[in-house]
Amino acid sequence: MTSLDDLRIIDAATLFAGPSAAMMLGDFGADVIKIEHPRRGDPSRGHGAAGLWWKTLARNKRAAAVDLSRAEGQEILRRLAERSDVLIENFRPGTLERWNLDPQDLLELNPRLIVARMTGFGQFGPMANRPGFGTLAEAMSGFAAMTGEPDGPPTLPPLALADGIAGLAMSYAIMVALHARERTGRGQVIDLAIIEPILGLLGPQMSIYKALGLVQQRTGNRSSSNAPRNTYRTRDGRWLAISTSAQPIAERVVTLVGRPDLVEQPWFASGHGRVQHVDELDEAVASWIAERDAAEVIARFEEVQAAVAPIYDVTDLAEDPQYAALNTFVEVPDAEFGTLTMQNVMFRMSETPGEIRWPGRTLGQDTDEVLGELDYPAERIAALREDGVIA
């Protein structure tokens with residue numbers, strides 16, 4: 001048994017944020033039906049090398065191709081909504097309404113339905129109708145402004161960070177709504193703006209600004225909250241990261257690198273105080289590490305129970321024994337590649353574990369099956385395909 005195998009999810013979203021939320025629900029058994037345009041498909045099919053973004057993002061989903069701008073396609077979605085638990089969509093505000101798929105009308109058809117709406121800027125406000133992507137959220141949240149070297153430009157992440165955070169937030173919001181439904185018997189509409197969840201992970205920047213008038217500046221790999229915290233190069237050319245968020249760890253690190261005298265300084269007793277002396281701390285740690293190979297540094301840090309980690313690229317991930325022990329990467333059978341290695345589900349559960357049952361499927365691979373479950377006869381399915389409503 002899996003946790004969510006009694007749920008049906010309609011994934012009518014595109015690209016990353018909404019489909020990520022649906023993927024997480026599918027990982028734990030939900031029947032996720034991915035709705036795509038019958039000719040264009042989801043844009044993520046064209047992202048990354050050889051379409052491998054799609055293979056991961058659409059895993060555990062059945063693929064149905066339906067043109068929702070056509071009346072016949074809208075009727076298909078209404079029938080699906082009547083028999084589903086959740087609809088995830090990320091069209092611009094007003095699009096569902098223009099297609100005669102107003103969430104309130106869908107809730108009349110199925111009062112237990114959760115309509116999860118995900119857009120760049122939310123359903124209302126002066127920017128609601130603008131196209132919105134995770135990149136814009138990374139820019140507008142303050143993330144880019146505080147990321148990068150002090151004398152360098154604001155820096156964007158090389159991945160869909162805000163989208164991934166929004167996907168996690170939406171999967172959580174859906175589970176909250178499903179729990180509430182158990183108490184009330186009613187579904188509801190979720191309005192999630194991609195610009196907001198990433199804000200929640202950036203700490204109390206607004207509190208600090210309003211209370212103290214401070215604007216966080218770019219600090220490179222340093223932290224504005226504690227020190228030493230940085231990346232350091234070893235004698236054999238490897239890069240290591242250390243963190244000293246906990247006071248005892250900071251004490252162990254500076255003692256290890258030969259500067260126990262710093263622990264006695266009054267300013268050393270808090271992260272904020274250490275940040276004021278970050279240059280001195282970084283010099284002590286960096287010079288010690290630069291005189292030793294990575295293996296020795298890691299071993300010495302482990303001896304004193306201080307936090308250190310090597311900077312990995314994907315080749316290191318593939319060989320790391322901890323990830324192997326956790327079964328973080330699994331091989332999944334695939335019709336095109338034979339097998340694909342991809343990230344496993346995000347966490348382990350002792351009683352209802354998740355699993356990857358299949359990778360992303362071909363466009364419209366399951367359309368006939370899905371419409372058959374909605375009581376469409378074979379001849380009607382053939383006619384809809386002939387008219388271009390489905391694929």
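Over the ring of which residue does the charged end of R361 sit? The ring is that of W358, with the charged end of R361 4.9 Å from its centre. A second arrangement of this kind involves R274 and F268. Here the charged end of R274 sits over the ring of F268, 5.4 Å from the ring centre. These positions, like every value below, come from a predicted model.

The protein has 391 residues, and 44% of them count as buried. Its secondary structure comprises 17 helices and 11 strands. The C-alpha trace spans about 80 × 50 × 40 Å along its principal axes. Among contacts with a separation of 6 or more, 69% are between residues 24 or more positions apart. The accessible surface amounts to about 19,800 Å². Carbon and sulfur atoms supply 54% of that surface. Positive side chains number 38 and negative side chains 54. The centres of the two sets are 4 Å apart.

Aromatic rings also pair with one another. A pair of this kind is described by the distance of the ring centres and the angle of the planes. The structure contains 6 aromatic pairs. In one of them, F28 and F347, the ring centres lie 4.9 Å apart. The planes of F28 and F347 meet at 15 degrees, so the pair is stacked. F28 and F347 are 319 residues apart, and their pair links distant parts of the chain. F28 lies in the loop between α1 (17-27) and β2 (31-36). F347 lies in the loop between β11 (338-343) and α16 (367-373). The two partners differ in cover: F28 is buried, at 7% relative accessibility, whereas F347 is partly exposed, at 44%.

W288 and F301 form another aromatic pair, and this one is tilted. Their centres are 6.3 Å apart, with 55 degrees between the planes. W288 belongs to helix α12 (residues 278-290) and F301 to helix α13 (residues 294-303). The two residues are 13 positions apart in the chain. Both W288 and F301 are buried.

Helix α1 is mostly covered, with 11 of its 11 residues buried. Among them are A17, P19, M23, M24 and D27. Just after α1, G29 adopts a positive phi of about 100 degrees. On the other side of the helix, L15 lies in the loop between β1 (8-11) and α1. L15 is buried, with a relative accessible area of 16%.

Most residues other than glycine have a negative phi, and most peptide bonds are trans. L15 has a positive phi, near 60 degrees. N327 also has a positive phi, near 60 degrees. N327 is located in the loop between α15 (321-326) and β10 (329-334). With a relative accessible area of 41%, N327 is partly exposed. The peptide bond from A227 to P228 is cis, with omega near -5 degrees. P228 lies in the loop between α9 (205-212) and β7 (230-233).

A65 is part of strand β3 (residues 61-65). The residue is buried, and its relative accessible area is 0%. Beyond its neighbours up to four places away in sequence, A65 touches several residues, including E36, H37 and P38. Its contacts also include L363, G364, T367, V389, I390 and A391. A65 and A383 are 318 residues apart along the chain, and their C-alpha atoms are separated by 14 Å.

How values were computed
Residues numbered from 1 in each chain as written. Predicted model: local features only at pLDDT ≥ 70, side-chain atom pairs only at ≥ 80, totals over all residues. Heavy atoms only, no water. Phe/Tyr/Trp six-rings, centres within 6.5 Å; stacked < 30°, edge-to-face > 60°. Helix = DSSP H or I, 4+ residues; strand = E, 2+ residues; numbered from the N terminus. Buried < 20%, exposed > 50% of the residue type's maximum accessible area, 1.4 Å probe, protein only. Lys NZ or Arg CZ within 6 Å of the ring centre and 35° of its normal. Contact = heavy atoms within 4.5 Å. Areas by Shrake-Rupley, 256 points an atom, 1.4 Å probe, with all protein chains shown as cover. Lys, Arg positive; Asp, Glu negative; His and termini not counted. Charge placed at Lys NZ, Arg CZ, Asp CG, Glu CD.
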